[in-house]
Amino acid sequence: MAAPQATGWRKLNIGVVGGGIGGMSVAIALRRAGHDVTIYERSDYAGEVGASVSCAANGTRWLHEWEVDVAKGDPVVLKKLINRDWKTGEPISVYSLDDYEERWGYVYNMFHRQYMHAMLKESAIGEDGKGTPAKLLVNHKCKEIDLQTNTITFENGVSVNHDLIVGADGIGSAVRGIIGIHPVRKPAEQQCLHCNVMTEDAVKAGLVNYSENAALEYWGGQEGKWDKIVLSPCNGGKLLSYYCFFPRDQGDYTNQAWGAEDRPVEELLNPYPQLDRQVFGHLAIGKEIQPWRLWIHDPYPYMHKSRVCILGDAGHPMMPHQSQGACMAIEDAAALGILFSPAYFDGNIEESLTVYTDVRLPRATRVQAAAAKAAYNINERIGFSNNKDLPFYKVEDAKKVLTIEEMNAYDMHRDIEEKLASLKGSQYAGKFICGLPIGLELPNGIIIGAA
Ligand SMILES: Cc1cc2nc3c(=O)[nH]c(=O)nc-3n(C[C@H](O)[C@H](O)[C@H](O)COP(=O)(O)OP(=O)(O)OC[C@H]3O[C@@H](n4cnc5c(N)ncnc54)[C@H](O)[C@@H]3O)c2cc1C
């Protein structure tokens, strides 16, 4: 079937494969843009991940735009990023978020993944809110998509046809392969075990109450080191979510998946004989110890084919070290919501998806590359990358570090207008380049638009 040509805006019947963070976000954005949306999720959510997910201002802004009830996610609003000395626990690099909301208009939220998911799900399928509530069908695992007819076939035998299909099916995406992208990936040199600590248990054990800092805290992670502990307080501070990184030769979890039996606590503690005793004490009472497989994916060449596109981890899986995986999925969703809104969508689905790839791929690829660098050098991490006056600050290339300004001063509408103008061969007169205001000076001295 030939792709429809521009005939003016019309309501589409959209299928979203995968009902995770990105799938729910895109369902919200597209229902608000006036479309009928059905989400197909392979699971029944029984094995949802019990860990934190951070949502910086570039993600939070869309939650507000979509009138999501953020309080339902029970977030911790972060006040600081703290990098601590590996052995003593003394702060060595601190990035204050005191003026964050004032500068960027939105706060930096730390959610528990299950709460964040429930919050998004309610906005996607709930009766309240703009547009027609999305439908959610669980136990629908996508097997095939016929790119000519845009028909999805599920493992349960059901087949459905949609005007537009969004593959939001995560890191192991089936849709990605169906549109012809076969990832080149290698296991990271670094591995991760995650554990949860109840703040109450830590306090009872006489340990520091880290939740009082309302900070994303890091032990180690300085240049060249794979060892790093990342602490994210969530659930209003009641839960401390710990990501514990170490070199792969100290424990290879590439063949283990989240959701298997918990690992013993000794396995979590073994790589860290010299770690600050306070945080070590927290890990010693850690529960739900689960491996997180880490892979490095080369960037993909595109994010759509015909009338099928991919988003989130399906489109640009990244290492966790910029805490931007969820935000990038939310931004993808926002881009689709804008492109298919009455203000921009003129009936040509493939053209809108071309602009989607043009807008999303460069930005997500930049974050993906920066996340891989921050794996072994915390100075490359957004926020710490601005602390360039510290004596140990060293980055690969100061002109290329990813800065908080690029993440949060970004205007997606302007980026879309620029790319749309380029596709149509018309002149873009806005004072933005790739969504960043011309003249904006980044902390690394780069001025947007300067030769
Ligand atoms: C432990 C952990 C901690 C993380 N911490 C952070 C963090 O602090 N900050 C951050 O920004 N990001 C974090 N991330 C990454 C973040 O969760 C992901 O980047 C984000 O969830 C991407 O959303 P997604 O919708 O692409 O994928 P997911 O949220 O993984 O959703 C994919 C969905 O697709 C479904 N699915 C898969 N295959 C099929 C199929 N064939 N048919 C139908 N459905 C299918 C899955 O069941 C799942 O529900 C973390 C991830 C993990 C695992």
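These legends walk through close-up views of a predicted model.

Residues are counted from 1 along each chain, in the order its sequence is written. Since the model is predicted, local features need pLDDT of at least 70 and side-chain atom pairs count only at pLDDT 80 or more, while totals for chains, interfaces and linings use all residues.

**View 1. The six-stranded open sheet.** Here 6 strands line up in the order β8-β2-β1-β12-β21-β20, with mixed pairing. β8 (135-137) and β20 (304-305) sit at the edges with a single partner strand each, so one side of each has no neighbour in the sheet. Helices (H or I, at least four residues) and strands (E, at least two) are DSSP runs, numbered from the N terminus. Two strands pair if DSSP finds at least two bridges between them. At the β8 edge, strand β2 (residues 36-40) runs parallel to β8, and 3 bridges join them. Look for Ile39, whose bridge partner in β8 is Leu136.

**View 2. The shell around the ligand.** The ligand has 34 residues around it, and those that come nearest are Gly18, Gly20, Gly22, Gly312 and Gly325. To be near the ligand, a residue must have its C-beta atom, placed from the backbone, within 6 Å of it. Which elements give two or more residues to this shell? They are α1 (21-32), β3 (52-55) and α9 (325-339). Of the elements, α9 gives the most, with 4 residues. By class, the shell holds 15 nonpolar, 14 polar and 5 charged residues. Ala, Val, Leu, Ile, Met, Phe, Trp, Tyr, Cys and Pro count as nonpolar, Asp, Glu, Lys and Arg as charged, and the others, Gly among them, as polar.

**View 3. α1 against α4.** The axes of α1 and helix α4 (residues 113-125) are 8 Å apart, and the two pack at an angle of about 25°. That makes α1 roughly parallel to α4. The axes are lines fitted to C-alpha atoms, for helices over the stretch in contact, and angles run from 0 to 180 degrees between N-to-C directions. Angles under 35 degrees count as roughly parallel, over 145 as roughly antiparallel, 65 to 115 as roughly perpendicular and the rest as oblique. α1 makes a left-handed crossing with α4. Left-handed means that the near helix is turned anticlockwise from the far one by less than a right angle, and right-handed that it is turned clockwise. From α1, Ile21, Met24, Ser25, Ala27 and Ile28 meet Met116, His117, Leu120, Lys121, Ser123 and Ala124 of α4. Residues are in contact if their C-beta atoms, placed from the backbone, lie within 7 Å. This contact of α1 with α4 has 7 nonpolar, 3 polar and 1 charged residues.

**View 4. α9 and its two helix partners.** On one contact, helix α2 (residues 57-65) and α9 have axes that come within 8 Å and cross at roughly 45°. α2 is therefore oblique to α9, and passes α9 in a left-handed crossing. Asn58, Gly59 and Trp62 of α2 make the contact with Ala326, Cys327, Ile330, Glu331 and Ala334 of α9. For the other contact, α9 packs with helix α10 (residues 349-374) at about 160°, their axes 10 Å apart. That makes α9 roughly antiparallel to α10, and the crossing of α9 and α10 is right-handed. Here α9 brings Met328, Asp332, Ala335, Leu336 and Leu339, and α10 brings residues including Val355, Tyr356 and Arg360. The contact of α9 with α10 splits into 9 nonpolar, 1 polar and 2 charged residues.

**View 5. The seven-stranded open sheet.** A sheet of 7 strands has the order β6-β5-β15-β16-β17-β14-β18, again open and mixed in its pairing. Its edge strands, β6 (91-96) and β18 (287-292), each pair on one side only. From one strand to the next, the twist averages 15°. At the β6 edge, strand β5 (residues 80-84) runs antiparallel to β6 over 5 bridges, with Asn83 opposite Ser93. Helix α8 (residues 277-284) lies across β14 (190-198), β15 (215-220), β16 (228-234) and β17 (239-247), at about 105° to β17.

**View 6. The β9-β10 hairpin.** Strand β9 (residues 142-146) pairs with strand β10 (residues 151-154) in the antiparallel sense, over 4 bridges. Cys142 has Phe154 as its bridge partner in β10. There are 4 residues between the strands, and Asn150 takes a positive phi near 55°.

Note on methods: Two residues are in contact if their C-beta atoms, placed from the backbone, lie within 7 Å.
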